[in-house]
Amino acid sequence: MSKPERPEPGKHGRPYAGRWVARLGGRIVAQGGTPRQALLAAKAARSKETPQVEFMPSEMNYLLPAIVERVRQALPANQEIYLVGGAVRDLLLGRTHHDFDFVLPAKAIAAARRVANALAADFYPLDETRDAGRVLLTESGERISLDFIAFMGKDIDGDLAARDLTVNAMAIDLRNPDALLDPFGGAADIRAKRIRGCSPEAFRSDPVRILRAVRLAATLGMKIEKETRQHLRAAAPRLTSVSPERMRDELFRLLESPKLAASLRALDLLDALGVVFPELPSLKGIEQPSPHAFDVWGHTFNVIEKLEAALALLAGGSAPEGAADLHSGLVALSLGRYRPQISELMKQELVSARFRRALLMLAAIFHDTGKPGTRSVEESGRIRFIGHEDESAELAAQHAKTLHLSNAEIELLESVVRLHGRPFALTRTGAPPTRRAIYRFFREAGEAGVDICLLSLADFMGKYAADLPQEELTKHLVTLRTLLEAFFENPEQAVQPLALLNGDELMQELGLTPGPKVGEILEELREAQAAGEVRTRDEALAFAKSRLG
C-alpha cells in the first residue's frame, strides 16, 4: 500500500500544514501525521536528542459540533478520548454528521454511561466484550448517536492503523481539539478526492469494507486509487465469509446512500456484485421487446437511477443534477402535492437503522430478476416473460431471508416486487382507474401501495433511453395520481371503507351461521361501498341479501 502523502513545502499555503513536526534548536528535522510519527522520524535521524513536537495548523479549518463540546464537558478534563472516523472526515469536508465515534484507552462503557447521564440521553451497552457503549438522543428533530469504544490497538496510533480507509483513519484529541491526528494522509486524500486503503490487510481481514469504500467513493464524489482497487478486487471472494448481519447492515447503508447505481456498477467492476447479489449477473444480455431500449441488466440500473431521482423530487423536494431527463417538471406537477406524505413514508424506520427508502431501492434491484428464468420466444418472435413478477418476488424474499431481515420487511419487499407492474396494467386500460379498480389494487397491495406506485413510475421511465414519450408518461402519471389521491386523501371511502354492517349483524339479519360465506359477503360489500354502489345501511342489507340469493 502506498505511503501517506507528505505535503510538499509550500503546498496548500504553508510547509507542513496540517502535520506534526519535530524541532531541534528551532529547526524542523522530521514530520508525521501524529506526534508519535514525528517523534520516531526525528529519533531515527537524531537518536540521542529529544525534539519538541508540535502541530502545524491546517488550512482545512473545522469547528467541533456543539454535541462534541458537550461530550468534552461531561468527562474529566484529563480524560484521554478521541473523536475518530467518519465524523472527522465530514468535519473536514464541511458535511453534517449525526453519528459520532469516540475511542479511549479503557472503560468506554462507563464513559458512555456518564455522558448519557450528563445529557439526559438514552444509554445502551453495545458490546461488553469490546467495551463499547452507545448514547442516543434527539435534538431539533434529528437523532444523534454517540458511540464510545475502547482502542482497537494499544494506543490511538494502533487504533487508527487498524482502520479501513485513510479518510476514515483520522482523529481529534478532545484535550487538544485544534490538532488533527492523520497518520495515513487522509486530509491530503480528501483534497485530492481520492479513496485509499490504509493497508491491504484492511480488506482481507474484513471484506465488508469493500462496500464501504465503494459507497464513500460514490457519495463523496471521489475516485478509488488504482492500488486500492486491486486490493478490493482481490478481497471480493472473501465476502462470502461475512456474517449475514454485517452484510445486511453495510448493504442497507449502501442502499440509503446517493448514487446507488454507480456504487453497484463499481462493485461489478471489482468482481464483488455477483457475490453480494448472485441474482444480478444473469440479467446481462437478456434482450427485451420494444419499447425497452435496454437489456434487463441495463434496464435495472436505469430504473434504480430513475427511482433515486424521483425520490429526490417527491421525498426530498429538490431534483438532483440531470433530473431534467426524468421529465421532472411533469412528475412534480402531477405528484408533487404528496411530497410531505411520501417524504415521511420513506423515512419510516422499519427496524432499527433500516428505513423504508432502502427497502424500496432493494425492490428496484430485484424487480426483474425473475426474467431470465421466465423468458420465452413465441413463433412470431415476440419475447415474453410470463410470471416474472412472481419469480422476482420469490428471489427477493429468499435473498431477504439470507440477510436475516424481519418478517415485516420481507413481506413488504415481496409485495412491492410482485405488484410493481400492476399500476401500468391499469394505465393500459386507456382510462383513469375506476373506484372498484382502486379498491382492488390497495386490497392486494396493502401497506405497499405507495411504494409500488413509486417503483412503477421508475420502471416505466426506465424502459426508455432519451426518447421517453411525454404523452405516455402523462397517462401513467394520471393513474399514479389517482391511486395516491385515494390513499392519501380518501382512504375511508376508496381504500378501506368504514363497515356499514359487521359479521354479527349480517348473520342476525340474514339468519346465517358462522362460515366462509359471511366473510365473502362482507368483502363484496366493502368493494361495492368503495365503488359507490352502496352508501347506507339499508342499501348494504339489500346488497347482502342479493348476494346471498
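Which residue stands opposite Y82 in β5? The views below, all taken from a predicted model, begin with that pairing.

**View 1. Strands β4 and β5 meet in an antiparallel pair.** Here is the reply to our opening question: Y82 stands opposite V103 in β5. Strand β4 covers residues 82-84, and three bridges join it to β5. The two strands run antiparallel.

**View 2. Strands β5 and β8 run parallel.** Stay with β5, residues 99-104, and look at its pairing with β8, residues 142-150. Six bridges join these two strands. Two places make handy landmarks: F102 stands opposite F148 in β8, and L104 stands opposite A150 in β8. As a reminder for reading such views, side chains in a regular strand alternate between the two faces of the sheet.

**View 3. A sheet of seven strands brings these pairs together.** This open sheet has the order β6-β7-β8-β5-β4-β9-β10, and its pairing is mixed. At its edges you will find β6 (122-127) and β10 (180-181), each of which pairs on one side only.

**View 4. A second open sheet has three strands.** Its order is β2-β1-β3, with antiparallel pairing. β2 (27-32) and β3 (52-55) stand at the edges with a single partner strand each, so one side of each is left without a neighbour in the sheet. On average, neighbouring strands of this sheet are turned by 30° against each other, direction ignored. Strand β1, residues 20-24, pairs with β2 over five bridges in the antiparallel sense. For a landmark, find W20, whose bridge partner in β2 is G32. Helix α1, residues 35-45, lies across β1, β2 and β3 and runs at about 125° to β2.

**View 5. The largest nonpolar core holds 149 residues.** Which residues touch the most other members of this core? They are L83, F102, L146, F148, L264, F277 and I365. Helix α13, residues 296-316, gives the most to the core, with 10 residues. Apart from this core lies another, of 15 residues, including M507, L510, I521 and A544. In soluble globular proteins, nonpolar side chains tend to be buried together.

**View 6. L146 and its contacts are shown here.** With neighbours within four places in sequence left aside, L146 is in contact with I67, V71, F100, F102, V115, L119, G133, R134, V135 and L137. F102 may look familiar, as it stands opposite F148 in β8.

**View 7. D159 sits in helix α5.** Is D159 buried or exposed? Its relative accessibility is 0%, so D159 counts as buried. The helix that holds D159 spans residues 156-161. Leaving aside neighbours within four places in sequence, D159 is in contact with V103, A150, F151, M152 and G153. Two of these names have appeared already: V103 is the residue opposite Y82, and A150 is the one opposite L104.

**View 8. Helix α14 has its buried residues along one face.** The helix spans residues 328-335, and its buried residues are S328, L330, V331, S334 and L335. Seen down the axis of α14, they fall within an arc of 165°, so they line one face of the helix.

**View 9. Two cysteines are buried, C198 and C453.** C198 counts as buried because its relative accessibility is 8%, under the 20% cut-off. C453 has a relative accessible area of 2%, so C453 is buried too. How many disulfides are there? The count comes to zero.

**View 10. A cis peptide bond joins S290 to P291.** Omega for this bond is near 15°. P291 lies in the loop between α12 (273-276) and α13.

**View 11. K193 and D271 each have a positive phi.** For K193, which is not a glycine, phi is about 55°. You will find K193 in the loop between α6 (186-191) and β11 (194-195). D271 is not a glycine either, and its phi is about 60°. Look for D271 in the loop between α11 (260-269) and α12.

Technical notes
Residues numbered from 1 in each chain as written. Predicted model: local features only at pLDDT ≥ 70, side-chain atom pairs only at ≥ 80, totals over all residues. Heavy atoms only, no water. Pairing = 2+ DSSP bridges. Helix = DSSP H or I, 4+ residues; strand = E, 2+ residues; numbered from the N terminus. Axes fitted to C-alpha atoms, helices over the stretch in contact; angles between N-to-C directions. Contact = heavy atoms within 4.5 Å. Disulfide = S-S within 2.5 Å. Buried < 20%, exposed > 50% of the residue type's maximum accessible area, 1.4 Å probe, protein only. Core = buried A, V, L, I, M, F, W, Y, C linked by side-chain atoms within 4.5 Å. Arc of directions from axis to C-beta.
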